[in-house]
Amino acid sequence: MLSASLDVDVRRARIADAPALAEIFGESWRATYRGVIPHNHLENMIRRRGTARWRSSIRAGELVLLIEYEGKNVGYATCGTARSRGAHKGEIYEIYLLPDYQGVGFGEYLFEACRCRLDERRLKGLIVWALAENTGAANFYWQLGGRPLVSSYERIGGVRLEKIAFTWD
Ligand SMILES: CC(C)(COP(=O)(O)OP(=O)(O)OC[C@H]1O[C@@H](n2cnc3c(N)ncnc32)[C@H](O)[C@@H]1OP(=O)(O)O)[C@@H](O)C(=O)NCCC(=O)NCCS
């Protein structure tokens with residue numbers, strides 16, 4: 001839990017935030033998936049999620065949240081209606097912090113902000129997918145009360161990777 005005295009804020013991203021989002025995406029995804037997703041594929045994914053793509057996501061009204069610490073953007077999350085049909089109506093699609101800002105409570109703060117936004121939209125129940133190899137994320141979701149519901153496999157860059165759905169009722 002973050003101290004109430006810290007200068008931390010979560011807000012909806014604006015078009016002008018697109019370059020910062022592209023930068024956070026690249027840095028965090030490289031740190032998280034190096035050695036898991038094949039290098040070339042990972043770099044292609046990062047290229048595809050550049051400034052233009054973030055601009056169009058924000059313009060399209062997608063729910064993109066930024067977390068700021070002392071005025072610096074240190075992470076983002078995207079969330080909305082669950083992609084799969086089922087009991088859990090809300091989904092956090094992505095939640096990523098810059099490596100230097102992980103492990104001090106920002107993730108939990110951002111997670112709770114997502115939950116509030118999903119509650120406001122009356123999306124009951126939450127689902128989040130994580131690669132099984134991403135044990136840091138799995139521990140984080142477990143610690144926040146998420147429990148694994150189901151797992152499946154996806155081919156990413158020619159590699160078969162297991163992903164696990166964590167859910168909250
Ligand atoms: C996953 C992520 C968002 C978590 O945010 P964070 O700021 O690092 O986590 P917090 O400091 O808020 O931790 C919240 C709780 O989870 C636990 N936790 C977080 N990461 C953990 C880890 N790697 N191992 C064990 N526990 C962990 C913390 O101990 C804390 O529990 P506590 O309140 O009982 O102390 C962040 O680490 C991150 O961006 N990781 C890389 C990207 C990623 O994997 N995103 C998820 C993709 S599915």
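**View A. Helix α1 has buried residues A18, L21, I24, F25, S28, T32 and Y33.** Buried means 20 or more other C-beta atoms within 10 Å of a residue's own; exposed means 12 or fewer, partly exposed is in between, and C-beta atoms are placed from the backbone. These residues cover an arc of only 120° around the axis, which puts them on the same side of α1. The arc is taken over the directions from the helix axis to the C-beta atoms. The model shown is predicted: local features need pLDDT of at least 70, side-chain atom pairs count only at pLDDT 80 or more, and totals for chains, interfaces and linings use all residues. Residue numbers start from 1 along each chain as its sequence is written. Helices (H or I, at least four residues) and strands (E, at least two) are DSSP runs, numbered from the N terminus.

**View B. How far apart are the end C-alpha atoms of α1?** They are 22 Å apart. The 16 residues of α1 should span 22 Å at 1.5 Å a residue, so the two values agree. The expected span is 1.5 Å times one less than the number of residues.

**View C. An open sheet of 7 strands runs through the model in the order β1-β2-β3-β4-β5-β7-β6.** Its pairing is mixed. Two strands pair if DSSP finds at least two bridges between them. Strands of a sheet pair through backbone hydrogen bonds, either parallel or antiparallel. At the edges lie β1 (8–12) and β6 (147–156), each of which pairs on one side only. From one strand to the next, the twist averages 25°. Axes here are lines fitted to C-alpha atoms, for helices over the stretch in contact, and angles run from 0 to 180 degrees between N-to-C directions.

**View D. Edge strand β6 meets β7 (residues 159–168).** The two run antiparallel. They are joined by 9 bridges. E154 stands opposite L161 in β7.

**View E. Strand β4 pairs with β3 (residues 72–81) and with β5.** The β3 pairing is antiparallel, with 7 bridges. In it, C79 stands opposite I92 in β4. The β5 pairing is parallel, over 3 bridges. Here G90 stands opposite L126 in β5. Is β4 enclosed or open? Of its 8 residues, 6 are buried, so β4 is largely enclosed by the rest of the structure. Strand β5 (residues 126–131) is mostly covered too, with 5 of its 6 residues buried.

**View F. A shell of 19 residues surrounds the ligand.** A residue is near a molecule or strand if its C-beta atom lies within 6 Å of it. Which residues come nearest? They are G107, E108, G136, N139 and Q143. The elements that give two or more residues to the shell are α1 (18–33), β4 (90–97), α4 (106–120) and α5 (135–143). Helix α5 gives the largest share, 5 residues. By type, the shell holds 8 nonpolar, 10 polar and 1 charged. Nonpolar covers Ala, Val, Leu, Ile, Met, Phe, Trp, Tyr, Cys and Pro; charged covers Asp, Glu, Lys and Arg; the others, Gly among them, are polar.

**View G. Helix α4 carries R117, and helix α5 carries W142.** R117 counts as partly exposed, because it has 19 C-beta neighbours inside 10 Å. R117 and T78 are 39 residues apart in sequence and 11 Å apart in space, C-alpha to C-alpha. W142 has 12 C-beta neighbours inside 10 Å, so it counts as exposed. W142 and R121 are 21 residues apart in sequence and 24 Å apart in space, C-alpha to C-alpha.

**View H. Two loop residues, E70 and R122, have a positive phi.** Most residues other than glycine have a negative phi. E70 is not a glycine, yet its phi is about 50°. E70 sits in the loop between β2 (63–69) and β3. With 9 C-beta neighbours inside 10 Å, E70 counts as exposed. For R122, also a residue other than glycine, phi is near 60°. The loop between α4 and β5 holds R122. Is R122 buried or exposed? R122 is exposed, with 8 other C-beta atoms within 10 Å.
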